[in-house]
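Student: I would like a close look at one single part of this protein. Could you walk me through one helix and what follows it?

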Amino acid sequence: MSRPPLLRISFASLLAAGLCLAPSPDGAAYAQDDVKTAGDAADPFIADAAKLIPADAGIVVRIADPDSALTHLTAFVRNAAPQYAAQMAAGRGVLGMSVQNVTLTGVNLKEPWYIVAIPRPDEPPATVFLMPAANVQAMETGIGPGMSLKTIGTYAAYTDAGEEILESFGEGGRFASMLPGSAKEIAADHDIAIAINVPRLLEVYGDQLKEGLEAAKEQAAQNAAAGPDAADSQAKAIDAFSDLLEQSGMTVVGFKATEDALSFKKVSAFEPGSDVAAALATQAPKPFASLGKLPEGMDGYMAMEGDFAPLLELVKGLAPGEEQAPQRDVLSALIESGLTATAGGFQLGGDTMFSGVQVTTVKDVSAAKTAIEKYLKAADGMEQMGLRTTIEDAGTMEVGGITLQKFITDLEATEQTEQATAAVKAFRTLYGEAGNEQMIGYTEDALIQINGGGDDFAQEAVEHATGKSAHSNEALDAVGAVLPKQGNLFAAIDLASAIQTGLAVAVEKELFPPLFSPEMIRAVQIDSSYAALVVTVEGDTVVAEGLIPAEQVRNIVDFGEALQGGAERF
C-alpha cells in the first residue's frame with residue numbers, strides 16, 4: 001500500500017489540497033485579446049504602466065500607491081502589535097531597497113510601481129523596475145551606476161541586466177492583454193497584486209522543470225519501500241502535476257492590509273476542456289450549513305460542499321497499481337454513497353493531545369458503511385516504511401440514539417530505523433500509549449467519525465451532529481463580514497489557541513524544555529479569533545479568499561511576550 005500509515009483516509013483533505021495548491025491557469029490567457037489603451041481607466045491593471053510591459057514577462061508585482069500601502073500596513077501593525085508600530089517608520093527605506101533606490105530619489109509615491117521578472121534561458125531572470133518618475137534625472141542619481149534606464153512617458157524602466165532587456169518595454173506591451181478579466185478587480189482593491197505568466201515560465205524553464213520531475217520520479221522509485229505499485233502511483237502524481245502546469249495560463253493574487261486584518265484574494269481558472277475544468281463545472285457555491293453540525297470553540301474547522309464524484313474520480317486515477325486496488329474500492333464506494341458535504345473540526349488538549357470530529361453528509365448511508373468497512377479491512381495489518389498499522393474492534397457505545405462502533409488504531413515499528421522510531425513516538429504523543437480511539441456512527445443521512453477526546457467529547461460531537469445541540473458556527477460568523485459566507489471550501493484555525501494548548505501539552509509530555517509550567521502557559525488570557533480561507537468555484541474559475549484578523553496576531557504577540565516576561569506576567 002502507498003498510503004502513509006499515520007494518516008487515516010481523509011478525502012476531503014486531499015480534495016481541499018488539490019483546489020488550493022493546484023497551478024492556476026486562466027482561460028482568458030488562451031484568447032489573446034487586443035491590447036487595451038491607457039484610456040480604459042476602469043481597469044487599473046491596464047490604465048497605467050501595465051500597458052508598457054512586454055508579453056515575455058514571467059512575473060509582475062504591482063504596488064498600488066506605495067504611500068497608501070505603507071499607511072495601511074502601519075495601521076494594521078498599530079492595532080495588532082502596537083509595540084512594534086514605531087519600527088514601521090523604516091518602511092520607506094525597505095521599499096527603497098526593494099527597487100534599488102534606497103532614498104527613493106525622484107520617485108513618485110502616489111502612482112503604481114511595477115517590479116518585472118523577465119525569464120531568460122540558461123541564466124537568472126532579469127529584474128526590471130518600472131517606476132513613476134517625479135524627476136527622472138534625480139532618479140538616475142538615486143539608482144546609482146551600473147543601471148540602464150529608459151524613460152517611457154511619465155515612467156522610467158531601469159535594470160542591471162543591460163539595455164537590451166529594456167528594448168521590449170513601451171507602448172503596445174501585450175502582458176496586460178493576457179491577464180484574466182478579474183485582474184482589474186484585484187488591482188483596484190489590493191495594495192499589492194502579483195501576476196504570474198506560467199506559460200512563459202514553462203517556455204523558458206520547461207526543460208529544467210522536466211529534468212527535475214524526472215529526477216523526482218527516479219528518486220521515488222528508489223525510495224518506494226512499498227514496492228513498484230507505490231512507485232508507479234507517485235510517478236503518476238508527478239505526471240499529473242506536470243500536466244496541470246502545462247495547462248496553466250495566468251494567475252493573479254492580491255494582498256491588502258486594513259486596520260482590522262491582513263487579507264488576500266487569488267483568482268485562477270483551468271483551461272476549458274481539461275479534466276479539472278470538467279470536474280469544477282459540476283460545482284456550485286453552498287452556505288456551509290454542515291459547519292453547524294460541529295461543536296463550538298474548536299481550534300480548527302474545515303468544510304467542503306459540492307459534487308464530490310468527479311473529484312473522487314480524479315483521485316482514483318492517482319492509484320493505478322494492483323496494490324492500490326483496495327484504495328480504489330474505497331473511493332468507488334464513497335462515490336456510490338453520494339457525498340454532498342463534509343465538515344470537520346479538531347482541538348488540542350483534553351483527554352488526548354489531539355481530538356477531532358468529521359460529519360459527512362451522504363445520499364446512501366449503506367454505501368458509506370461499505371466504504372468504511374473496506375477501509376478498515378485495507379488498513380488493518382498494512383506495512384510500509386518499517387511500520388505496521390493495526391486496527392482492533394473495541395466494542396460499541398450508545399450516544400443519543402446513535403450506536404458508535406469503537407476501534408483502536410495502533411502503530412508499531414517493524415524495522416528499527418530512526419524514521420520508524422520517530423513515527424511511533426509522534427503517534428504515541430498524539431494519541432497516548434493505548435493508541436488512537438476512533439468511533440464511527442451513522443445517522444439517516446450522515447457518517448460521524450470521532451477521533452480521541454474520550455466519552456464526553458463523543459457525547460458533545462453526537463449532540464451537534466444530530467442537531468440536538470444546534471448553534472451557529474462562531475468561526476464562520478467571525479469572518480463572515482470579510483469573507484463570503486458560502487463557497488465550496490471553508491477552513492479556519494485559531495492559531496493562538498492552538499499554539500498555547502500545543503505548547504502546554506508539549507511541556508507536559510517533556511517534548512519541550514520546561515521553561516514554564518503548563519499551568520503558567522494556560523493562564524495566559526487569549527481571546528477567540530480565527531484566521532480563515534474560503535474557496536469558491538465559479539465555472540472553470542477558482543476564487544480563494546483568506547484573512548488573518550488583527551486579533552489573531554495580537555493574541556500571538558501578547559502570548560509570546562507573556563512567556564518572555566516570566567511568571568510575574570501570568
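Tutor: Happily! Right after helix α14 comes G432, whose phi is positive, near 95 degrees. This is a predicted model, in which local features need pLDDT of at least 70 and side-chain atom pairs count only at pLDDT 80 or more, while totals for chains, interfaces and linings use all residues. Residues are numbered from 1 along each chain as its sequence is written, and side-chain values use heavy atoms, with hydrogens and water left out.

Now step back into the helix itself. Helices here are DSSP runs of H or I with at least four residues, strands are runs of E with at least two, and both are numbered from the N terminus. α14 covers residues 418–431, and its 14 residues should span 20 Å at 1.5 Å a residue (the expected span is 1.5 Å times one less than the number of residues). The end C-alpha atoms are 20 Å apart, so the helix agrees with that expectation.

Its buried residues (under 20% relative accessible area, with a 1.4 Å probe and protein chains only) are A420, A423, V424, F427, R428, T429 and Y431. An α-helix has 3.6 residues a turn, so residues three or four places apart point the same way. The buried residues of α14 pack against four strands: β11 (354–362), β13 (387–399), β14 (402–413) and β15 (436–442); contact here means heavy atoms within 4.5 Å.

For a view elsewhere, look at the hairpin of β4 and β5, which has 2 residues between the strands. There, G153 also takes a positive phi, near 65 degrees.

Conventions:
Buried means under 20% relative accessible area, exposed over 50%, partly exposed in between (1.4 Å probe, protein chains only). Two strands pair if DSSP finds at least two bridges between them.
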